[in-house]
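Reader: Could you take me through the salt bridges of this structure, one pair after another? I am in my first year, so please explain the terms as you go.

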Amino acid sequence: MLLLLLLLLLMPLPPRVWHTGLLVKLRQYGVNGQLLEWVRDYLSHRQHSVIVGSAKSFSRPVNAGVPQGSVLGPLFFLVYVNDISHNLLSISRLFADDTSLACSASNVNDIEGILNHDLDMLSTWSKQWLASFNPTKKEAILFSNQNVQNPSLLFDNVNITFVHNHKHLGLTLNTHGKLKDQLTNITKSASTVLCIMRSLQV
């Protein structure tokens, strides 16, 4: 049995929420009337500029993105990306601005077909909702009890890079399914903290 876990960090960095698209999605969730108009007004007519020393750039309109540090910002972002996993064949997980896809099969061809289908779906979603994905944040890791060739996975005609280990939500995974890398990282972290504590001793 082959198991391929494809870890794709596909969310825009920084999160880019197209205001018009967000209003469409809010309406789909049943938000309408005065509340929807309030959100429209909240997002409209925003300007930004850059100040360096005493120099200031011209102000430009902001048509995308959520107000950083605001209470509603994270909620708007989640509403915007919540449908990204619709129509996917693999198991998808969303956490903050990271997306992971997981797929298991008894041969590489099945894995390749399922995941390339899902990558096409994600590419279509990104073009429809004007969400540009970071091209340097996509990688895959293959777990297998056999010697097999990595499947060929493409996203927007760019090959997905396969890695031997990957840190995901604090857990370091490797292609052998062993915890050696994870234990090494924990040991290093603990050693650093212990050194700091020793230096603080009176």
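Author: Happy to; here is a walk through the charged pairs. Please keep in mind that this is a predicted model, where local features need pLDDT of at least 70, side-chain atom pairs count only at pLDDT 80 or more, and totals for chains, interfaces and linings use all residues. Residues are numbered from 1 along each chain as its sequence is written, and side-chain values use heavy atoms, with hydrogens and water left out.

Side chains of opposite charge can pair when their charged atoms come close. A salt bridge here is a side-chain nitrogen of Lys or Arg within 4 Å of a carboxyl oxygen of Asp or Glu, and the structure holds three of them.

Let's start with Asp-83 and Lys-25, whose closest N and O atoms are 2.8 Å apart. Asp-83 lies in the loop between H3 and strand S6 (91-95) and Lys-25 in helix H1, so the pair ties together parts 58 residues apart in sequence. (Helices, H or I with at least four residues, and strands, E with at least two, are DSSP runs numbered from the N terminus.) Both Asp-83 and Lys-25 are buried; that means under 20% relative accessible area, while exposed means over 50% and partly exposed in between, using a 1.4 Å probe and protein chains only.

Next, Glu-37 and Arg-40 meet at 3.3 Å, N to O. They sit three residues apart in helix H2, so about one helical turn separates them. Glu-37 is partly exposed at 42%, and Arg-40 is partly exposed at 30%.

Finally, Asp-156 pairs with Lys-127 at 3.1 Å, N to O. Asp-156 is in the loop between strands S9 (154-155) and S10 (158-159), and Lys-127 is in helix H4, 29 residues apart. Asp-156 is partly exposed at 39%, whereas Lys-127 is exposed at 53%.
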